Amino acid sequence: MSRLNLTGKSAIVTGGAAGIGKSICTAFAQEGVSVTVADIDTEAGQSALQELEELNPEGAHLFVETDVTNRDSVVAMVSRTVGERAKVDIIVNNAGIDVPRLLVDPAGEEELDEAVFDKTFAVNQKGAFLCAQAVARAMIAQGDGGTIINMCSEAGLEGSEGQSAYAGTKGALYAYTRSWAKELGKHNIRVVGVAPAILEPTGLRSPAYERALAYTRGITVERLRESYEKVAVPLGRVGRLDEVADLVCFLASDMASYITGTVVNISGGKSRG
Ligand SMILES: NC(=O)c1ccc[n+]([C@@H]2O[C@H](COP(=O)([O-])OP(=O)(O)OC[C@H]3O[C@@H](n4cnc5c(N)ncnc54)[C@H](O)[C@@H]3O)[C@@H](O)[C@H]2O)c1
């Protein structure tokens with residue numbers, strides 16, 4: 001019997017069809033949580049749902065095709081979750097994108113433009129706002145509290161070469177976490193963040209991402225890949241997705257009942273971007 005006592009809770013995980021989000025969905029399902037996978041990728045979302053149903057056939061899991069940048073889409077996803085499970089106790093604002101670009105690129109190849117800036121802002125920052133607002137409304141109406149978890153990044157505090165737009169949106173999530181915690185504490189809604197650094201590969205680390213990031217740092221893709229392993233992580237390795245998922249489960253549980261308005265670093269001790 002797990003001390004987390006999450007059995008019977010209702011959770012939404014945005015970007016839950018792949019990578020860290022999928023790992024969080026799996027860990028939740030193992031703890032007896034009913035999960036809504038809210039993702040823009042229908043094929044990956046359906047397959048993630050099937051895996052959750054096999055893992056925990058008793059859970060009332062859902063996949064809802066969702067674009068977190070679109071208010072109507074977010075509101076419909078939250079309504080469907082509450083309609084089918086009568087409540088939502090947890091949301092993990094995890095959907096995110098990262099398109100490496102330089103502020104100024106004299107060669108003109110990988111310079112930050114408005115399209116990349118706006119898209120990064122829309123998914124990482126506006127998406128978290130729209131989801132938190134829709135879910136907080138539902139939680140306040142339910143009257144028995146809840147937990148909002150924002151997927152930040154170590155880059156949001158430390159900055160990151162070639163990733164200023166991304167780091168800026170993640171820095172904003174630290175501020176949202178603290179501010180929403182102050183606003184929602186009186187409703188017993190806790191707001192926390194988790195901040196990973198370098199993890200085992202996910203969809204985020206696509207060939208296009210690696211090519212652009214290596215370019216912005218003036219190194220080859222091979223050197224970039226080597227640097228993941230050689231980076232100064234005191235624990236001497238990159239993080240696993242299930243380690244992030246375990247932290248999310250703890251923060252969502254009553255074992256973390258006095259933790260709000262803070263972001264927990266999960267970086268193996270790494271503290272420089
Ligand atoms: N991978 C890392 O090392 C790392 C480190 C720190 C923080 N993070 C953060 O973790 C989160 C998840 O990243 P990941 O590495 O698992 O990436 P990923 O690309 O593997 O997964 C992201 C998921 O988000 C979904 N998504 C993208 N745009 C969406 C939208 N508009 N609406 C709904 N869903 C959308 C994608 O379809 C995908 O399933 C991101 O917020 C990322 O910034 C990742």
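Is Lys119 buried, exposed or partly exposed? Lys119 counts as partly exposed, at 48% relative accessibility. The cut-off matters here, because exposed means over 50% and buried means under 20%. This model is predicted, and every value below is computed from it. Lys119 sits in helix H4, which covers residues 114-142. Take Val78 as a partner for a distance check. Lys119 and Val78 are 41 residues apart in sequence. Their C-alpha atoms lie 22 Å apart in space.

Now step back to the whole chain. The protein chain has nine helices and seven strands. Its radius of gyration is 18 Å, close to the 19 Å that the globule rule gives for 273 residues, so the chain is as compact as a globular protein of that length. Along the principal axes, the C-alpha atoms fill a box of roughly 55 × 35 × 35 Å. How much of the chain counts as buried? The share is 50% of the 273 residues.

Two further C-alpha pairs add to the picture. Ala195 belongs to strand E6, residues 189-196. Ala195 is buried, because its relative accessibility is 0% and the limit for that class is under 20%. Its C-alpha atom is 6.4 Å from that of Met151, although the two residues are 44 apart along the chain. Ala175 gives another case. Ala175 lies in helix H6 and counts as partly exposed, at 38% relative accessibility. Ala175 and Leu4 are 171 residues apart along the chain. A distance of 27 Å separates their C-alpha atoms.

Helix H6 also holds the aromatic pair. How many aromatic pairs are there? The count comes to one. The partners are Tyr176 and Trp180. Their ring centres are 4.9 Å apart, and 10 degrees lie between the planes. The pair counts as stacked because planes under 30 degrees apart fall in that class. Where do Tyr176 and Trp180 lie? Both are in helix H6, residues 164-184. They are four residues apart, about one turn of the helix. Their accessibility classes can be read one by one. Tyr176 is partly exposed, at 24%. Trp180 is buried, at 13%.

Next come the cysteines. A disulfide is a covalent bond between the sulfur atoms of two cysteines. How many disulfides does the structure hold? It holds zero. Cys131 is in no disulfide. The cysteine sulfur nearest to that of Cys131 belongs to Cys25, and it is 13 Å away. The cut-off for a disulfide is within 2.5 Å, so a sulfur 13 Å away does not qualify. Why does Cys152 not bond to Cys131? The sulfur of Cys131 is the closest cysteine sulfur to that of Cys152, yet the gap is 14 Å, which is too far for a bond. Both residues are out of reach of the probe for the most part by the accessibility classes: Cys131 is buried at 1%, and Cys152 is buried at 3%.The backbone has some points to check as well. Asn5 has a positive phi of about 55 degrees, although it is not a glycine. Asn5 lies in the segment before strand E1, residues 10-14. At 47% relative accessibility, Asn5 counts as partly exposed. Ala86 also has a positive phi, near 70 degrees, in a residue other than glycine. Where is Ala86 placed? It is in the loop between helix H3 (71-85) and strand E4 (90-93). Ala86 is exposed because its relative accessible area is 62%, and the exposed class begins over 50%.

Last comes a pocket. The second largest pocket has a volume of about 250 Å³. It is lined by 14 residues. Which of them are closest to its centre? They are Lys9, Asp144, Gly146, Asn188 and Asp254. The lining divides into two nonpolar, six polar and six charged residues.

Notes:
Residues numbered from 1 in each chain as written. Predicted model: local features only at pLDDT ≥ 70, side-chain atom pairs only at ≥ 80, totals over all residues. Heavy atoms only, no water. Buried < 20%, exposed > 50% of the residue type's maximum accessible area, 1.4 Å probe, protein only. Phe/Tyr/Trp six-rings, centres within 6.5 Å; stacked < 30°, edge-to-face > 60°. Helix = DSSP H or I, 4+ residues; strand = E, 2+ residues; numbered from the N terminus. 1 Å grid on protein atoms, 1.4 Å probe; cavity = no way out; pocket = protein on both sides within 12 Å on 5 of 7 lines; lining within 4 Å. Points joined across faces, edges and corners; volume = space filled by probe spheres on them. Nonpolar A, V, L, I, M, F, W, Y, C, P; charged D, E, K, R; others polar. Rg over C-alpha atoms; globule rule 2.2 N^0.38 Å.
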